[in-house]
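These are my notebook entries on a structure I looked up chain by chain. I set down what I checked in the order in which I checked it.

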Amino acid sequence: MARPVQFNEKVKMVEVPKGYSGEGFFATTFDKAIGAARKNSIWPLPFATSCCGIEFMATAASHYDLARFGAERMAFTPRQCDLLMVMGTIAKKMGPVLRQVYLQMAEPRWVIAVGACACSGGVFDTYSVLQGIDQVIPVDVYVPGCPPRPEAILDGFMRIQELVGQESLRRRHSDRYKDLMNSYGIQ
Amino acid sequence: MSLTNDYIKQRLVEKFGEELTSFEEPFGLLSFTAPAALNLKVMQFLYDEEELQFRFLTDLTAVHYPNQVGAELAVVYHLYNFREKVRLRLKIFVPVAAPKVFTATKLFESANWMERESYDFYGVEFVGHPNLKRILNVDEMTYFPMRKEFPLEDQTRVDKDDEMFGR
Amino acid sequence: MLEQPHISLPQGSIEKQTTTLNLGPTHPATHGVFQNILEMDGERLVNAESTVGYIHRAFEKIAERRPYYQITPLTDRLNYCSAPINNMGWHLTVEKLLGVQTPKRVDYLRVIIMELARITDHLICNGVVGVDTGAFTGFLYLMQFRELAYEIYEEVCGSRLTTNIGRIGGFERNFTPAAFQKIEKFLAGFPKALKEFETLMTRNRIFVERTTGVGPISAERAMNYGFTGPNLRAAGVDYDVRVAHPYSSYEDFEFSIPVGSTGDCYDRYLVRNAEMWQSLSIIRQAMDKLKSLPDDVYHADVPAYYLPEKQDVYTKMEALIYHFKIIMGESDILPGELYNAVEGANGELGFYLISDGGRSPYRLHFRRPCFIYYQAYPELVKGAMLSDAIICLSSLNLIAGELDA
């Protein structure tokens with residue numbers, strides 16, 4: 001006996017950006033349209049190294065679904081992803097690998113550091129652990145916790161969405177951004 | 001007849017005599033020391049004998065005793081007999097100036113990475129090992145970090161203030 | 001440190017005309033960070049060389065700095081899919097060193113938590129083997145019950161994943177009635193979900209054909225490679241630390257050890273599945289046994305090592321002294337040397353502890369099962385195709401935290 005079909009009536013729709021609409025057209029600025037499109041279809045690259053990776057698996061599973069924020073396709077290749085989610089401890093041996101993955105990403109790219117180890121080395125103040133991934137790559141959002149609850153990861157993801165939605169289209173060509181990249185030694 | 005610690009000790013002393021020293025039984029586990037040159041012979045004897053049959057290497061690790069001059073590095077083998085469910089501990093002491101120990105990889109395949117780990121952390125050189133290079137640390141590391149003289153933290157880090165962290 | 005990472009070609013690969021494929025540290029199929037440089041002759045593997053250490057966090061050196069009760073959060077992060085088992089293993093080791101005897105109720109509660117952790121670890125492993133063969137649904141169905149297990153852990157200790165459950169001598173607080181209700185809910189709901197997962201996978205023709213004959217190992221080779229746990233049992237050796245050297249009152253429970261025959265991926269999947277059923281039965285037996293014990297005992301009566309109640313600390317002198325001694329690390333720890341093992345989800349998790357009487361261990365070594373059996377990977381995948389090599393990797397259940405420590 002099949003279960004009765006249920007529909008979820010309470011789906012929250014994405015808000016339409018402000019603009020002028022009429023019969024068959026809608027006019028708004030590029031910033032708002034592209035921002036709205038980008039922020040609701042971010043493809044993350046889960047760079048899961050340790051325990052935070054398991055909390056990410058719980059976030060992506062059906063209870064705390066990450067896909068409803070638009071992150072349906074976990075692009076496991078840096079060439080096709082927008083957001084690098086670094087989850088877990090990064091050791092000094094892994095540092096060059098992380099940097100290589102970041103360099104392979106195409107602009108516009110964002111980085112979220114999930115977990116105490118990625119933010120600052122966490123509880124591992126040792127000779128072999130990188131004390132925070134911002135020693136090697138620039139980071140946009142830090143999510144503290146050990147491991148952070150899925151709700152915290154989702155909150156970090158929503159802040160990334162805000163950043164993505166409000167970003168100016170010329171930001172990646174600006175001098176300030178170039179200075180930031182130079183301070184990390186990235187051309 | 002079940003295998004008792006006394007029986008194992010008796011067989012070992014029969015075969016190797018005065019070479020094996022410091023027989024102890026902390027927490028019921030027979031533990032003894034052998035000279036560095038005899039480690040393979042002792043393990044082979046324990047492996048081959050029908051009544052002893054210690055054919056499983058549970059663990060291989062090293063310890064640093066900086067106060068015992070001449071025998072600073074200890075390599076500790078934990079052997080196990082599946083049938084009688086008996087554990088055994090064998091210790092080898094080598095000086096830190098010439099830390100050479102014969103490799104156990106021909107006898108137990110599981111010794112391969114465990115010996116690499118002991119080399120990586122303490123600098124114990126296993127003679128005859130197929131691939132003795134660092135396994136857990138970066139290849140470029142110049143010192144052996146688990147030795148007691150080296151600190152835990154990376155001394156070049158700038159963002160953590162030792163005073164505030166209670167070092 | 002920041003220059004480009006390089007791969008060196010394996011020995012003789014140019015003469016043998018083999019291709020080198022880097023299954024690098026970041027790869028969707030390697031669940032954890034380890035690198036495999038595969039030498040391939042067309043589609044078949046000739047050799048595989050593994051590099052580990054990408055998440056080496058120097059646990060053993062940290063342990064030499066911390067007092068005994070602060071090492072528990074460190075042990076969480078070894079096999080983080082089943083963190084409670086590591087915690088309990090550490091507590092049992094220290095209790096053995098100190099000669100502390102825990103009451104039966106503490107033992108049974110520990111058994112419940114450890115078997116729950118074992119179930120959650122096996123369900124991740126089997127789910128992930130499914131994902132690697134392309135079957136994502138089973139994994140999602142099982143993760144729902146992992147969420148329920150997380151709720152149980154939260155009731156008991158406050159944390160979901162890296163639990164730091166328990167203290168030396170027992171638990172930090174009594175299990176609330178809500179915790180027992182959640183355990184009953186788990187026991188009621190999980191068998192149905194596991195049955196559904198089995199109907200999806202066990203007799204599924206595609207799954208069976210993808211996993212039988214992949215990565216087999218004989219019992220002799222497995223023992224030589226130091227295998228323990230479900231991988232060894234799949235090869236045919238019925239060694240289980242819970243039965244061979246019972247700890248925490250496991251001898252009071254009746255359960256069987258599932259054993260495979262060929263040691264291939266399908267056998268490992270079946271062994272883990274059967275172990276989940278056995279763990280469910282153990283939890284049920286423990287819940288029944290708990291009904292006959294007084295329900296206010298949750299720790300051993302060892303004030304020298306277990307923090308006294310706060311109201312006593314503020315009013316009684318002895319409690320204040322004990323509290324001070326424990327926190328400042330002045331408790332009387334006897335010097336000694338011991339090796340203690342528990343049955344982790346991946347095999348025999350051993351703790352080799354040398355104490356010199358001080359507040360931290362002189363030497364603490366973790367005998368990590370993943371590290372030891374991962375050496376066998378080149379032998380397991382020799383001659384297999386690339387997709388089989390991926391399945392073999394995920395069915396071995398390698399947890400990177402336990403690999404590198």
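**Entry 1: strand pairing in chain B.** I began with a single pair of residues in a predicted model: V75(B) has I92(B), in β5(B), as its bridge partner. I then looked up the residue that faces V76(B) and found K91(B) of β5(B) opposite. Both look-ups led me to the pairing of β4 (residues 73-81) with β5 (residues 86-94) of chain B, which I recorded as antiparallel with nine bridges. These two strands form a hairpin with four residues between them, and there I noted that K85(B) takes a positive phi near 60°.

**Entry 2: the other partner of β5(B).** I next asked which strand runs parallel to β5(B). I found β2 (residues 30-34) of chain B, joined to β5(B) by five bridges. Within β5(B), I located L90(B) opposite F32(B). As a general reminder, I wrote that strands of a sheet pair through backbone hydrogen bonds, in parallel or antiparallel fashion.

**Entry 3: the sheet as a whole.** I traced the strand order in chain B as β1-β2-β5-β4-β3, an open sheet of five strands with mixed pairing. At its edges I found β1 (21-24) and β3 (56-64) of chain B, each of which pairs on one side only. Direction ignored, I recorded an average turn of 15° between neighbouring strands of this sheet. I then asked why β5(B) is largely enclosed by the rest of the structure. My entry reads that eight of its nine residues are buried, so the surroundings enclose most of β5(B).

**Entry 4: chain A.** I counted six helices and six strands in chain A. Their sequence order, as I copied it, is β-β-α-β-α-β-α-β-α-β-α-α. For the extent of the chain, I noted that the C-alpha atoms of chain A fill a box of roughly 65 × 55 × 25 Å along the principal axes. Of the 187 residues in chain A, 43% are buried. I also looked up sequence separation: of the contacts in chain A between residues at least 6 apart, 76% join residues at least 24 apart.

**Entry 5: the nonpolar core.** I found 208 residues in the largest nonpolar core. Among the residues with the most contacts inside this core are L84(A), I112(A), V114(A) and C392(C). Helix α5 (residues 104-133) of chain C gives the core its largest share, 14 residues. I followed I112(A) further and, leaving aside neighbours within four places in sequence, listed its contacts as L83(A), M85(A), D140(A), V141(A), V143(A), G156(A) and I160(A).

**Entry 6: chain A against chain C.** I recorded a contact with 31 residues from chain A and 29 residues from chain C. On the chain A side, α2 (51-60) and α3 (95-104) are the elements that give two or more residues, and α3(A) gives the most, with six. I classed the residues of this side as 17 nonpolar, nine polar and five charged.

**Entry 7: chain C against chain B.** Here I found 29 residues of chain C in contact with 27 residues of chain B. The elements of chain C that each supply at least two residues include α2 (59-63), α9 (219-224), β5 (348-355) and α15 (369-373). I noted β4(C) as the element that gives the most to this side, with four residues. The chain C side divides into twelve nonpolar, nine polar and eight charged residues.

Note on methods
Residues are numbered from 1 along each chain as its sequence is written. Chains are lettered from A and ligands numbered from 1 in the order in which they are written. This is a predicted model: local features need pLDDT of at least 70, side-chain atom pairs count only at pLDDT 80 or more; totals for chains, interfaces and linings use all residues. A residue is buried if 20 or more other C-beta atoms lie within 10 Å of its own, exposed if 12 or fewer, and partly exposed in between; C-beta atoms are placed from the backbone. Two residues are in contact if their C-beta atoms, placed from the backbone, lie within 7 Å. Ala, Val, Leu, Ile, Met, Phe, Trp, Tyr, Cys and Pro count as nonpolar, Asp, Glu, Lys and Arg as charged, and the others, Gly among them, as polar. Two strands pair if DSSP finds at least two bridges between them. Axes are lines fitted to C-alpha atoms, for helices over the stretch in contact, and angles run from 0 to 180 degrees between N-to-C directions. A nonpolar core is a set of buried Ala, Val, Leu, Ile, Met, Phe, Trp, Tyr and Cys residues joined through C-beta atoms within 7 Å.
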